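Me: Here is a chain I would like to understand. Can you walk me through how its strands pair?

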Amino acid sequence: MNAPHESSGPLLPLLLLLVSAGLQSAAQSRGAPPCRPGFSEGLYTVMMPDITEKGQPLFNVRFVSCGRGGLVQFECSNPSDFRIEADGVVYAAKALLHSTLPASPLLIKATDPTTQQQWVTQVRLAPPTQVREVAVPPVISQDLKEIVFPSRNTDSELKRMKRDWVIPPINVPENSRGPFPQELVRIRSDNDKNRSLRYSVTGPGADQPPNGIFTIDPISGELSVNKPLDREHISSFNLRAHAVDLNGNQVENPIDIVINVIDMNDNRPEFGHQVWNGTVPEGSKPGTFVMTVTALDKDDPKTANGMLRYKILSQSPESPNPNMFTINNKTGGIITVAAGLDREKVSQYTLIIQATDTEGNPMYGLSNTATAVIRVTDVNDNAPEFTAEAFFGRVHENQVNVIVANLSVTDKDQPNTPAWNAVYKIIAGDPFGKFSVPTDPITNEGLVTVVKPLDFELNKTHLLKIEARNEVPLARGISSPRQSTATISIQVLDVNESPYFEPNPKVIRLEEGVMPETDLVPFPAKDPDHFMHQSISYSKLSDPANWLRIDPHSGRISTTAVLDRESPYVKNSYYNATFVALDNGKPAASGTGTLQIYLLDINDNAPKVFPHE
């Protein structure tokens, strides 16, 4: 801290900074507003010794009673260490060590027993090395504090140097109740002993916007504040004080005056959102992080006024445990604290979160609330279960791409998610791949489908074993239940199948010139319906040269004319005829067969001379 130096002549002027208190009557004479009861300061700073004896007076708080007198009753937040008397004097209730005192401010509450109206102020307890000014007057003296900046006796070179005045900051609590103007300090120069001086202040808050907050009496040098201050609007003011003679000549170097606005707890915490949304997977272990909710307080974050603490006021529903979650009281981080999160039982929790300043002190702090909605997300902790152990279906033989049966399952997981969607697999009973089981995307059922023709005569019944799983694996530690497999019995229904010729076509070799009524070959058809006793009749479908006939009962073929290899109906020595076999089923079924006769050439044509002449 710099101060004026002493020269070879008289002492250099000294700047006296006098802490002004108890000037209420002077302020009222200037037309101040009516008196409002309350503490004189929103935050007191007290220098505490390292060791305090029991019963030792420490400090006193000043309460502007506005005529209430002794009706106001005082109470402190730490009665085990401190006691306060009716006159506002605070004593040590026991021997104290400063190192064991809590870091948070001591709270003093005044109560009007008649109206139950209450007022609260804070007292910061600090060791001597941390206190630049004492905001609470000592108990033993009611006089005003006076801060003097003396000159220093130094060498001759420094005696000729003029140094600027440097003073510690002036602390003014915000939201002061007045009365206004309220004196802060008195600035005086020793030169006023020899001549009349005029004092003034300049800077933002004085002669610059916002104008008129601070004024100085030009004669007495009393610096006053004219209205309540708002730390959240302006936290400090930097003014410059001047001293001139009556001719306007500068008598002292201007000095810088810093006015710090001391925070009061006049702002509630404000959450960034009224509703916060978070998620947590079901089955999460205790200690799983869920989300973070945060609030802001416009008060000074370096004081208890802006230090927030969070807590959970309520949880809905309270199942399976009323304390499923906990919150980090400093960061607002929410984590699980109990096991048992089950989406199928409780899909969503609603928490009411409270943020309180003054480090969470419910008696003196301001609070606000917000809602945290925590949605329990699904994991695959439920396997699909068949609604029955056995299913049944029927299908006609030879049909393909038809649905035989629908397999239904239940799954408690969230519908239409990979943990709910079922996938079906045939694990036994289908060695030739005649079936498939796709999933119906709407109903989640398994559609047992025939993809290859079935033959009643080969297998009348198919017994399949089918397994149901989800698209994603089950969560760790979850096993599939017995109901995740089922059997389906598929009955194949017989149908009237067409008779068939074998081989088809049938080839025989003959020499041409075979005479009519010659028995050639039997050409019977076979009926695949082994379990149907049916008769087959035969008829001719195609005989281009009309050379053949077929016995309608036996299927034996004979000739009706001479077979001629040179006939125009013979192609490449082959003559083709087609016959029909018809059973007597209901409805009747028919099949066709082709007889190919390969005609061998014989010398049955004499040579011809050409030309004839």
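Reply: What follows is a short set of questions and answers on strand pairing. This is a predicted model, where local features need pLDDT of at least 70, side-chain atom pairs count only at pLDDT 80 or more, and totals for chains, interfaces and linings use all residues. Residues are numbered from 1 along each chain as its sequence is written, and side-chain values use heavy atoms, with hydrogens and water left out.

Me: Which strands stand at the edges of the open sheet, each with a single partner strand?

Reply: Strands are DSSP runs of E, at least two residues long, numbered from the N terminus. Two of them pair if DSSP finds at least two bridges between them. The open sheet has four strands in the order β14-β20-β19-β16, with mixed pairing. One side of each edge strand has no neighbour in the sheet, because each has a single partner: these strands are β14 (170-173) and β16 (197-202).

Me: Which residue in β20 stands opposite Val 172?

Reply: β14 pairs with β20 (residues 255-262) in the parallel sense. Four bridges link the two. Opposite Val 172, in β20, stands Val 261.

Me: What is the bridge partner of Arg 186 in β18?

Reply: Look at β15 (residues 182-189) and β18 (residues 222-225). They pair in the antiparallel sense over four bridges. The partner of Arg 186 in β18 is Glu 222.

Me: Which residue in the hairpin turn has a positive phi?

Reply: β17 (residues 214-216) runs antiparallel to β18, joined by three bridges. Ile 216 has Leu 223 as its bridge partner in β18. Five residues lie between the two strands of this hairpin, and the one with a positive phi, about 80 degrees, is Gly 221.
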